[in-house]
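Please go through the empty space and the ligand site, and say what each label rests on.

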Amino acid sequence: MKKRYEKPVIFKLKTGLMNKFGKSTLPYGRRVRREIDGVPIEELVKEFGSPLFVFSEKRLRQKFREVKNAFTLRYPNVEFSWSYKTNYLDAICAILHSEGETAEVVSEFEYEKARRLGVPGEKIIYNGPYKPIDSLRTAVKEGARINIDHFEEISDLEKVADELGVKVKAGIRLNMDTGIYPQWSRFGFNLENGQALDAVKRIAAGGKIELVGLHCHIGTFILEPSAYEKEVKKMVEFAYRVEDEFGFKIEYIDIGGGFPSRNRLRGVYLPPELAVPTIDEFAERIASALLSSLRPGDYPKLILESGRAIVDEAGFLITTVHASKRMPDGRKAYVLDAGVNVLFTAFWYHFKIEVDKEVAGPLEPCILYGPLCMNIDVVDDTVYLPPLPRGTRLILSPVGAYNVTQWMQFIRYRPAVVLIGEKGEVELIREREDLSDIVGRERLPERLRLSWE
Ligand SMILES: *Cc1c(COP(=O)(O)O)cnc(C)c1O
């Protein structure tokens, strides 16, 4: 291929490539990735277009088993419940259900999606601050486990219990101080200020709900295993208080999700290999906190709703360089065919960025812009890359968590998603959108119909 002329520029070599932790850990762009699980990048793009989300079934199952083993080897009664909002593509959920995960949903839409996939009601955990009463009625009828978020929901559930003439089993969501700030105190009942106890009193007084579980989810991308230790101890202590004072039996302690993936949080210097504790460290802290605070012979079910840690590293995005620019301040910039419209998590992370082939030339600091006409559409602003010709593919990872649920349709179609199976087979799991997906529900009043005559 003919080498492209690059106008020479002078850019300042920053001693900042070294920082107080040692050598630079900035995303470094000479990494080459020609394939994903043995399937060439070019082949994937040729068949499914660019941008393209690619999921690896092998990595997904491996990661799940790693997380599962970390806990089941340390505690005898564990359930994993897949956090739908992290990635609710049917194929991803089906893989995790086949591994034994139940479904954790936070809206009536997610509830319906799990049911449509064939998950029975009893295998669904229904969380979230907004559960319309119709969906509560369905969930109770179908035997789902419901974790109550606020006092109004206690009343709603009692109403459902009356209507159906049953006593409803339910859990309550707690929020608490575990040393993680800002504290997520907007969900559930606060433990320290007595609100959680008031909720239990209220439930006991109503006599229509049987409290069987405690739930808590302290945040996401938690880098501090000790936070979970605090969470578990507080939950167990509260469980026994509820049992002793109110006669309920707490059958499950659901500690939510929040474990980090090997992603690089913006503002964190250390590479993920150093900044992110292993899942074994989390499991060890959690299991020992449980075993040391539970009464002898009592093994309530430990429920984990890990999302990000399981799916993030199974996901890649292939994107293509559409144009390059030299910014007035001298920095190099590229326009890509994927931006924050499909990479919502770019606001928080510096993804690993790999190039599909060797590219000669010096590395320089670059900005990666997406295709939107919005100033905030920046995929990365500090990546060191060689001069990339138009058409170069970049492979961004990990992007498996929260992108294919939070992506937005704004001005462009959402791209296709493919799954690479364990034998290397490539299957489409979500088609690229077209105009009909977007206009299908629009209605144009007859009187506004145009005729350009
Ligand atoms: C989002 C969420 C999860 C999953 O969180 P991760 O940080 O992805 O592990 C689990 N439980 C609840 C209630 C959630 O809202």
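What follows takes the pocket, the ligand and the cavities in turn.

Q: How do you know which residues and atoms count here?
A: This is a predicted model, in which local features need pLDDT of at least 70 and side-chain atom pairs pLDDT 80 or more, while totals for chains, interfaces and linings use all residues. Residues are numbered from 1 along each chain as its sequence is written, and side-chain values use heavy atoms, without hydrogens and water.

Q: What makes the largest pocket lie between domain 1 and domain 2?
A: Domain 1 (18-54 + 313-433) and domain 2 (57-311), with bounds from an automatic or database domain assignment, both contribute lining residues, so the pocket lies between them. Its volume is about 610 Å³, taken as the space filled by probe spheres set on grid points joined across faces, edges and corners. Among its 27 lining residues, Lys-85, Trp-184, His-217, Thr-220 and Tyr-402 are the closest to its centre.

Q: What makes a space a pocket or a cavity?
A: On a 1 Å grid over the protein atoms alone, a cavity is a set of points where a 1.4 Å probe fits but cannot get out; a pocket is an open set with protein on both sides within 12 Å along at least five of seven lines, and lining residues have an atom within 4 Å of a point. The structure has 5 cavities of 30 Å³ or more, and the largest is about 60 Å³. Its lining includes Leu-174, Trp-184 and His-217.

Q: Why is the ligand said to sit in the largest pocket?
A: Sitting in a pocket requires more than half of a molecule's atoms within 2 Å of its grid points; the ligand sits in the largest pocket, so it meets that test.

Q: How do you know that Tyr-402 makes a polar contact with the ligand?
A: A polar contact is a pair of N or O atoms within 3.5 Å. A polar side-chain atom of Tyr-402 is 2.6 Å from a ligand oxygen atom, so the pair qualifies. Polar backbone atoms of Gly-307 and Arg-308 each lie 2.8 Å from an oxygen atom of the ligand.

How values were computed: A polar contact is a pair of N or O atoms within 3.5 Å; within protein, one must be able to donate a hydrogen and the other to accept it, and residues adjacent in sequence count only if both atoms are side-chain atoms.
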